[in-house]
Every structure is written in C-alpha cells, then in structure tokens.
Amino acid sequence: MNKELIDQLIRNHPLLTEITQLKEVMWINEQYSSAMNTSLSIEDIEDAALRLQRFAPYIEKVFPETKEAKGIIESKLIELPKMKESINHLPGRLLLKCDSHLPISGSIKARGGIYEVLKHAEDLALQYNKLSIDDDYSKLTQLQSFFSQFSIAVGSTGNLGLSIGIMSAQLGFKVYVHMSADAKQWKKDLLREKGVHVVEHTSDFSEAVAKGREQASKDENMYFVDDESSENLFLGYAVAALRLQEQLKKLDVTVDEKHPLFVYLPCGVGGGPGGVTFGLKQLFGENVHCFFAEPTHAPSMLIGLMTGLHEGVSVQDFGIELRTEADGLAVGRPSGFVGKALEHAISGVYTIQDNHLFALLKLLADEEGIFLEPSALAGFAGPGKLFSSDYLVHHNLRLNMNQSTHIVWATGGNMVPEQERKRYYDKAVSVTSEG
Ligand SMILES: *Cc1c(COP(=O)(O)O)cnc(C)c1O
C-alpha cells in the first residue's frame, strides 16, 4: 500500500496514530447495528450442531477424554469471584468460557478446526458410499485406509495446526501443517509425533496460509482448510453459541434488554471470535455486545474494520511488526470474509500490550489457579476498556449494569507443556515486578 494512501487513512482516522505508536486503544464501532452481511443463518449453525452430534459416538471412541460428555467437545462456563474482585468495581457477573480446556486440542480451534475436518470426512465418506447419514459413526474407525488416499493442508500460527493435525491424523488423512515463524517448537514436535507433516516457514501467518493454499491447489485429492475465509470453520465456532445459551440458563443468567451480556473475545484472523459472535447475535440479537481483543502488535481486525478495507490492509502497511508472545493472535491481515460479515455486529475492538497479558496471566494463576496461554488472556482487559469508554452511555446501558453479565472467552492454554507454563509465569513475575 502506498505512503500517500496510508497518510490519508491516518488523517481520516485519528486513532490510527495511537495504533501505529503501539498504544493500547479502545475502538467503538460507529456502524454498530447488530445487522449481519452474510447468507449464513441459524439453520446453518443448527446443521453444524447436528453434524457434531452424528460424530459424537466416533469422537467418544477415539478420544476417551470426551467420554463423560458423550463425544461432545465442549468446555465449562465458570464464575470467577476472585478475579471479579481484582477487576475493581465491576458490576454484574464475571464468567470465564474455558475453551482453553476444550478436549483434543486445548484451544478454541477444537471447535472450528475439528468441525471442518469432520465435515470433510463426512462429505467424502458419503460421496464414496462408505457411510450413510443414519449410521453409527463410530464405524469411521474402520475407514482409516480409505481416508489415507486423501490429504488435508492448513496454514497456522500453531493452534489451528494442532486441531487440524490431530483430528485429520486420527481419521487417517495425510496432513500438512504450514507453520508460521511464530509457531512454538512444542506444537511442531507434538504434531510430528502424531505423524503430521509439519512444514516450517520463516514468514508470518498470512504467508503460511498462502503456502498451504498453493500446495493444495496442485493436488486434487488435497483439501485446504482456509483460516482466512472458510465458512465451515466459522460455523464450527458458531455452534459455541447454542451450547452457551444452555449453560447460561443453568447458571440462571438472563439475557434481555434489562440484562445485557458482554463478551470479550481474543482475535487473530477473526474466524474464532467471528463465528462465536455470529452465533451469539443469532440468539441474543442486540442484547449481546461482542468486543474483540488484539495485541498492540497485531491490530489487524481493528485496522480492517476501522478503515473498511478489511483484508485489503495489513498492520505491516502501518509499520507495525508482529512482535508478540500472543502467538495465537499474531496475524497481520484479517479475514475479509469475517470482517465484512460482521462489520456492523462487532461492538468494538481494543488492543492490549504483552506486558498486560503477562500481568493477567499471573493474576489468574494466583487468584483462581487457572493457567492460560498469553493470547487467551486478552479478554480480561475488556471490562476495564468498556467502562472507560462511552459505549455504555451511548447505548443507554448504564442503568442496567448491575444486572449485566461479562464473559471472558479463554481461548487456549491446556496443551501448553509444564516447562513452557513455568517460563510464561517467570516472565510474568519479572514483567510485574518491573512495575
Ligand atoms: C486462534 C486463536 C485465537 C483467535 O482465533 P482467530 O480465528 O485466529 O481469530 C485466539 N486465541 C487463541 C489461543 C488462538 O489459538
């Protein structure tokens, strides 16, 4: 993008000056209206949920950790009383959605990523008459040699690679994971142990995705999971909303005009938080307010939405380098599909510095005994950013805040090895002692 255009964007959007200076910002969406620009609907989400139900007997059989939930891949929604105290004066309830502890791959990618692999496997098995929709899907364990004729490719900063790699390899597919430079060594090691072909790149996420796409385009038996524009990934994430609705009922949480729901979602390329937002908007309409969180070093969705240029603009265009320990969010160019679909539905986007992610990592571990990876802590800054903005006044929500509920979406961490956790915690200690 040329310098003149960049300068013009900065003149039109003064917040861009602070963003390029890597300051934490809170951007409120002036186009907010709850309307969505997509042909996808609640029926598509329900269809995805039914597909996951069909696969449940298979999942239960091959991943014993899902036995208790009968093969349904779901996480808890829990109250955080001590964190609520630490977040000064937060009225209402503070809940944590523990996608960090989702079975199989320990991150929100166990929703979209695994769903897309299952959908592809079902499509193939139906097409080749290996399966009928009324079968007990646990028979898929016998189709490994059938699936081995096909392959799957994906580009990832790590966690999507884990979910696609683990699920595809289990079914019998050949699978290629193109990892960006940010990807952690332990994720690559773990995948290789499972027989996944890990292709390492020295470039960023967008490049890794491009490499995977290119590889798949040359092989008609290779399916590409496109993190930048896949509707299937999106729908897999969106199923979370149906499940959350039930969990909220169990916790006696009402969501209506007088009981607003606020959800804070860490954002990388946008598919995960976007899918969840899409699902929640279908169910709760204007009574749910979704905020996305990005590192100050990777505000891609923020810049895409604010300028309306979506995937036509990258953080690198503004001289921002993807230097963050939040590897799951280290994305320079947002998904255009998600940005356009949700340009009115997202309430706002804020950014957070790595030091604050680490301070939150320590606080959550000390107060509640919960470990999350740095990316997954971005949601905790949400309530503070919200209360210091004019969003509540603007939307006439101030009087209802005592009856409000705030959900911080914890997006990953359970797979992180002990040694890495210790390294993160030690870093958090040194960061917080510096003041
Ligand atoms: C992938 C990821 C996200 C964000 O999901 P996107 O679809 O990339 O926006 C957030 N947190 C963690 C830990 C992730 O791995």
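**View 1. Enclosed cavities in the predicted model.** In this predicted model, the count of cavities of 30 Å³ or more comes to three. Two of the views that follow look into the largest cavity, which has a volume of about 240 Å³, and one looks into the second largest cavity, which holds about 110 Å³ of space. As background to these views, rolling a probe the size of a water molecule over the atoms shows where empty space is left.

**View 2. The centre of the largest cavity and the residues around it.** The volume of the largest cavity is about 240 Å³. It is lined by 26 residues, and those closest to its centre are Ile108, Lys109, Gly268, Gly328 and Leu329. When the lining of the largest cavity is sorted by class, eleven of its residues are nonpolar, twelve are polar and three are charged.

**View 3. Helices and domains that build the lining of the largest cavity.** At least two lining residues of the largest cavity are supplied by helix H7 (159–171), and at least two by helix H11 (271–284). The largest share, three residues, comes from H11. Seen at the level of domains, the lining of the largest cavity draws at least three residues from domain 1 (3–41 + 64–105 + 237–434) and at least three from domain 2 (108–231).

**View 4. The second largest cavity, between two domains.** About 110 Å³ of space lies in the second largest cavity, and of the 15 residues that line it, Leu52, Ile73, Ala110, Arg111 and Arg243 are the closest to its centre. Helix H3 (42–62), helix H5 (109–127) and helix H10 (231–250) each supply at least two residues of this lining, and the largest share, five residues, comes from H5. By class, the lining of the second largest cavity divides into eleven nonpolar, two polar and two charged residues. Because domain 1 (3–41 + 64–105 + 237–434) and domain 2 (108–231) both give residues to the lining of the second largest cavity, this cavity lies between them.

**View 5. Lys97, a buried residue in a strand.** Lys97 has its place in strand S3, which covers residues 93–98. Buried here means under 20% relative accessible area, and Lys97 counts as buried because its relative accessible area is 0%. Leaving aside residues up to four places away in sequence, Lys97 touches Glu74, Ser75, Lys76, Leu77, Arg111, Leu244, Gln247, Ile407, Val408, Trp409 and Ala410. One of these contacts, Arg111, is also among the residues closest to the centre of the second largest cavity.

Definitions and conventions:
Residues numbered from 1 in each chain as written. Predicted model: local features only at pLDDT ≥ 70, side-chain atom pairs only at ≥ 80, totals over all residues. Heavy atoms only, no water. 1 Å grid on protein atoms, 1.4 Å probe; cavity = no way out; pocket = protein on both sides within 12 Å on 5 of 7 lines; lining within 4 Å. Points joined across faces, edges and corners; volume = space filled by probe spheres on them. Helix = DSSP H or I, 4+ residues; strand = E, 2+ residues; numbered from the N terminus. Nonpolar A, V, L, I, M, F, W, Y, C, P; charged D, E, K, R; others polar. Domains from an automatic or database assignment. Buried < 20%, exposed > 50% of the residue type's maximum accessible area, 1.4 Å probe, protein only. Contact = heavy atoms within 4.5 Å.
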